[in-house]
Amino acid sequence: MFEKVALIGVGLIGSSLSHAMRRANLARTIAASARTEATRAAVRRLGLADEVYEHAADAVKGADLVILCTPVGTFDALAQEIAPHLKDGAILSDAGSVKQAVVDAVAPHLPPHVHFIPGHPIAGTEFSGPESGFAELFDGRWTILTPLPDADEAAVAKLKAFWEACGAHVEIMEPKHHDLVLAITSHLPHLIAYNIVGTVADLEEEKKSEVIKFSASGFRDFTRIAASDPTMWRDIFINNKEAVLEILGRFTEDLAAMQRHIRWGEGDKLFDKFTRTRAVRRSIIDAGQESPEPNFGRTPAPKKD
Ligand SMILES: NC(=O)C1=CN([C@@H]2O[C@H](COP(=O)(O)OP(=O)(O)OC[C@H]3O[C@@H](n4cnc5c(N)ncnc54)[C@H](O)[C@@H]3O)[C@@H](O)[C@H]2O)C=CC1
Ligand SMILES: O=C(O)C(=O)Cc1ccc(O)cc1
């Protein structure tokens with residue numbers, strides 16, 4: 001599909017993209033850039049790229065498709081660095097979890113001959129780094145593309161075909177709409193997990209060890225999410241401030257209502273709420289968005305010897 005694809009950053013998403021591209025034979029050459037020698041050594045050892053560079057500017061030379069796979073807070077500087085080196089007609093995309101801030105950070109640096117089409121695979125795990133990726137990560141999951149209004153249709157179609165060949169379903173959205181949807185479905189749950197596990201982390205030692213000893217699966221599920229990469233999630237909240245604060249406002253109102261129901265013994269109100277939430281779970285399962293196998297698509301494939 002592409003002569004040369006450049007992956008900037010080879011963590012969970014970059015390495016999974018490499019595996020998915022190899023699986024479907026989507027690139028004749030995969031180039032990658034990674035800042036540290038340790039990551040570059042892992043990339044070579046795992047065969048994740050044919051060309052490995054320290055600097056993004058070197059990796060993008062001659063690439064038909066470039067995908068930024070680093071935390072979103074790095075995109076502004078990276079776009080500045082690579083802009084002069086991008087090939088005529090190259091597609092530049094990304095995997096960042098927020099979209100309007102990415103458009104604002106990247107687009108101003110780009111020359112007109114580059115097709116910038118932001119993207120976001122709604123697939124991941126709490127693991128990071130080049131060893132954590134696997135080819136099946138995107139299978140049956142959504143990737144959202146947020147092209148600008150004047151985007152080249154052929155380039156959008158090509159990037160869509162690329163993600164489909166990586167196993168994903170593709171949807172096109174406005175960046176701001178994406179950010180609001182993801183604030184609800186992904187960013188708020190992560191914030192809640194960081195908060196609940198943070199509350200436990202701040203308990204005095206004796207209580208904390210009891211929580212760990214007797215932790216039920218509900219709390220364990222939160223610890224999985226709260227183990228996600230701190231840099232990545234710091235950048236997501238800082239760059240999706242408006243939508244996260246909007247949805248957090250609603251969340252705190254609903255939480256206060258539940259607090260009231262408990263205080264006043266309004267069991268019927270709690271029962272109604274829990275009945276409605278159960279229906280949401282049901283509809284996710286019916287829509288095929290949750291596999292019967294626990295944590296499918298969120299845990300890495302077993303390591304091969
Ligand atoms: N982890 C997840 O579940 C998902 C993450 N994303 C998005 O994909 C992007 C990548 O995330 P992951 O692969 O999970 O992260 P990761 O932490 O596994 O990998 C990121 C890589 O970028 C490198 N990096 C960091 N700063 C850099 C810089 N200034 N210049 C060059 N390289 C730098 C890191 O060393 C690391 O190798 C993020 O923007 C994230 O929001 C999207 C969907 C799911
Ligand atoms: O591991 C989980 O539960 C996730 O929610 C993974 C994830 C993290 C960030 C994204 O932008 C998309 C998916």
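Visitor: From which domains does the shell around ligand 1 draw at least three residues each?
Guide: The shell around ligand 1 in this predicted model takes residues from both parts of the protein chain, which is divided into domain 1 (2-173) and domain 2 (177-264). Each part supplies at least three residues of that shell. The domains asked for are domain 1 (2-173) and domain 2 (177-264).

Visitor: Which element gives the largest share of the shell around ligand 1?
Guide: Helix H1 (12-24), strand E7 (119-121) and helix H10 (230-239) each contribute at least two residues to the shell. The largest share amounts to three residues. The element that provides this share is H1.

Visitor: Which residues come nearest to ligand 1?
Guide: There are 26 residues around ligand 1. By class, this shell comprises 11 nonpolar, 13 polar and two charged residues. Those that come nearest to the ligand are Gly-9, Gly-11, Ile-13, Gly-124 and Ser-128.

Visitor: How many residues of domain 2 are in contact with domain 1?
Guide: The C-alpha centres of the two domains are 29 Å apart. On the side of domain 1 that touches domain 2, there are six nonpolar, six polar and two charged residues. In this contact, 14 residues of domain 1 meet residues of domain 2 numbering 17.

Visitor: What is the orientation of helix H7 relative to helix H9?
Guide: Two packed helices are described by the angle between their axes and the distance between the axes. For H7 (residues 175-201) and H9 (residues 217-226), the axes are 8 Å apart and the angle is about 110 degrees. Angles of 65 to 115 degrees count as roughly perpendicular. H7 is therefore, with respect to H9, roughly perpendicular.

Visitor: Which residues of H9 make the contact with H7?
Guide: From H7, the contact is made by Pro-189, His-190, Ala-193, Tyr-194, Ile-196 and Val-197. Taken by class, the contact of H7 with H9 has eight nonpolar, two polar and no charged residues. The residues on the H9 side are Phe-222, Thr-223, Ile-225 and Ala-226.

Visitor: Which strands are the edge strands of the six-stranded open sheet?
Guide: The sheet runs in the order E3-E2-E1-E4-E5-E6, with parallel pairing. An edge strand here pairs on one side only. The two edge strands are strand E3 (51-53) and strand E6 (115-116).

Visitor: Which residue in E3 does Ser-33 stand opposite?
Guide: Strand E2 (residues 27-33) pairs with E3 in the parallel sense, over three bridges. Opposite Ser-33, the residue in E3 is Tyr-53.

Technical notes: Residues numbered from 1 in each chain as written. Chains lettered and ligands numbered in written order. Predicted model: local features only at pLDDT ≥ 70, side-chain atom pairs only at ≥ 80, totals over all residues. Axes fitted to C-alpha atoms, helices over the stretch in contact; angles between N-to-C directions. Helix = DSSP H or I, 4+ residues; strand = E, 2+ residues; numbered from the N terminus. Parallel < 35°, antiparallel > 145°, perpendicular 65-115°, else oblique. Contact = placed C-beta atoms within 7 Å. Nonpolar A, V, L, I, M, F, W, Y, C, P; charged D, E, K, R; others polar. Near = placed C-beta within 6 Å. Domains from an automatic or database assignment. Pairing = 2+ DSSP bridges.
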